[in-house]
Amino acid sequence: MVVSWRFSDIDPGPSFAYHHLRGSLEYAAKNPLPKNYQIVDIDLMNFDQGTYDDKESRSEFEYFQQNPSHGSYVFWHTEGTKINATSHHMDTALRTYLAKTFDVWGRDRVVERMAALKNFMNATVSQPTVYYIHCDCGCDRTGLIGGSYYMTYMGLTWEQANTLNAQIAGRPMDCGPYLAMQWYCLYLNEHAGMNLNCLNNQPCH
């Protein structure tokens with residue numbers, strides 16, 4: 001059974017505090033979680049030496065290596081892109097080509113990640129499982145993965161996905177993850193037969 005898959009605005013800190021995280025997850029879930037659930041920690045940060053991300057990611061990895069009965073660690077390095085689909089330098093032919101091939105050049109591997117999330121959701125598990133997907137603040141990199149999931153599997157429009165991300169984070173997304181989500185939106189139009197209004201620019205910063 002999958003209990004939930006995304007919690008944002010939960011920061012266990014650079015020294016991974018498992019019990020603090022459980023308490024935060026249970027608070028965020030609104031409803032009681034089973035006592036024996038395990039956590040699949042899907043980390044969207046990085047291991048760039050000397051950064052806060054590096055310290056936090058290492059702490060999470062080491063914790064689940066030492067405590068496998070509590071769950072597992074999954075690393076999905078996520079950054080976004082600087083390639084702007086609505087730039088005045090982007091002609092229609094190039095934009096269409098890049099949208100069709102986003103699964104090849106998109107460095108965050110969003111297409112692959114969406115398939116993996118579907119597999120997680122449909123997996124038969126031995127105990128209740130919380131999929132904890134996070135970056136640092138739960139706003140930008142998490143917004144990229146979350147917004148892509150909303151459009152793919154939950155029927156949200158491009159505008160609705162951006163609005164929900166901004167509501168969760170309390171602000172618009174950073175532009176790098178936003179632009180990557182926009183390319184994924186265009187990819188869905190090309191490959192999934194969707195008619196999302198992806199070129200309707202939403203706020204980012």
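This section describes the aromatic pairs, the salt bridges and one helix, α8, in a predicted model.

Aromatic contacts are treated before the charged ones. The count of aromatic pairs comes to 13. In one of them, F61 and Y73, the ring centres are 5.8 Å apart and the planes stand at 75 degrees, so the pair is classed as edge-to-face. This pair links distant parts of the chain, with F61 in helix α2 (residues 52–66) and Y73 in strand β3 (residues 71–75), twelve residues apart. The two partners also have their own accessibility values: F61 is partly exposed at 38% relative accessibility, whereas Y73, with a relative accessible area of 17%, is buried. The cut-off for buried is under 20%.

A stacked pair is formed by Y184 and Y187, with 6.2 Å from centre to centre and 15 degrees between the planes. Both residues belong to helix α8 (residues 175–191), where they are three residues apart and therefore separated by about one helical turn. An α-helix has 3.6 residues a turn, so residues three or four places apart point the same way. Y184 is buried at 3% relative accessibility, and Y187 is buried with a relative accessible area of 11%.

Aromatic residues also occur in a cluster, made up of F16, Y18, Y63 and F64. In addition, positively charged side chains are placed over aromatic faces. R22 lies over the face of Y37, 4.0 Å from the ring centre, and K30 lies over the face of Y27, 5.5 Å from the ring centre.

The helix that holds the stacked pair was examined as a whole. Helix α8 has 17 residues, and the distance from its first C-alpha to its last is 24 Å, close to the 24 Å expected at 1.5 Å a residue. The helix is mostly covered, with twelve of its 17 residues buried. The buried residues include P177, A180, M181, W183, C185 and L188, along with Y184 and Y187 of the stacked pair. The cover over the buried residues of α8 includes α3 (92–100), α4, α5, α6 (141–153) and α7 (158–169). Just after α8, G193 adopts a positive phi of about 70 degrees.

Salt bridges were searched for across the whole structure, and eight were found. Side chains of opposite charge can pair when their charged atoms come close. The side chains of D53 and R141 form one such bridge, at 2.8 Å from N to O. This bridge links distant parts of the chain, as D53 is in helix α2 and R141 is in helix α6, 88 residues apart. D53 is buried with a relative accessible area of 10%, and R141 is buried with a relative accessible area of 15%.

A salt bridge also joins R107 and E79, whose closest N and O atoms are 3.4 Å apart. R107 is in the loop between α4 and α5 and E79 is in the loop between β3 and α3, so this bridge ties together parts that are 28 residues apart in sequence. R107 counts as exposed, at 52% relative accessibility, while E79 is partly exposed at 37%.

In the bridge between D140 and R171, the closest N and O atoms are 2.9 Å apart. D140 is in the loop between β4 (129–134) and α6 and R171 is in the loop between α7 and α8, so the bridge ties together parts that are 31 residues apart in sequence. D140 is buried at 9% relative accessibility, whereas R171 is partly exposed at 26%. Elsewhere, R109, E112 and R113 are linked in a network of salt bridges.

A buried charged residue without a salt bridge is D108, for which the nearest side chain of opposite charge, R107, is 5.0 Å away. The cut-off for a salt bridge is 4 Å, and the R107 distance therefore does not meet it. D108 is found in the loop between α4 (102–105) and α5 (110–122). With residues up to four places away in sequence left out, D108 touches H77, T78, E79, G80, R113, L144 and A180. Among these contacts, E79 is the salt-bridge partner of R107, R113 belongs to the network with R109 and E112, and A180 is one of the buried residues of α8.

Note on methods
Residues are numbered from 1 along each chain as its sequence is written. This is a predicted model: local features need pLDDT of at least 70, side-chain atom pairs count only at pLDDT 80 or more; totals for chains, interfaces and linings use all residues. Side-chain values use heavy atoms; hydrogens and water are left out. Rings of Phe, Tyr and Trp (its six-membered ring) pair if their centres lie within 6.5 Å; planes under 30 degrees apart count as stacked, over 60 as edge-to-face and the rest as tilted. Helices (H or I, at least four residues) and strands (E, at least two) are DSSP runs, numbered from the N terminus. Buried means under 20% relative accessible area, exposed over 50%, partly exposed in between (1.4 Å probe, protein chains only). A charge sits over a ring if NZ of Lys or CZ of Arg is within 6 Å of the ring centre and within 35 degrees of the ring normal. Lys and Arg count as positive and Asp and Glu as negative; His and the chain ends are not counted. Contact means heavy atoms within 4.5 Å. The expected span of a helix is 1.5 Å times one less than its number of residues.
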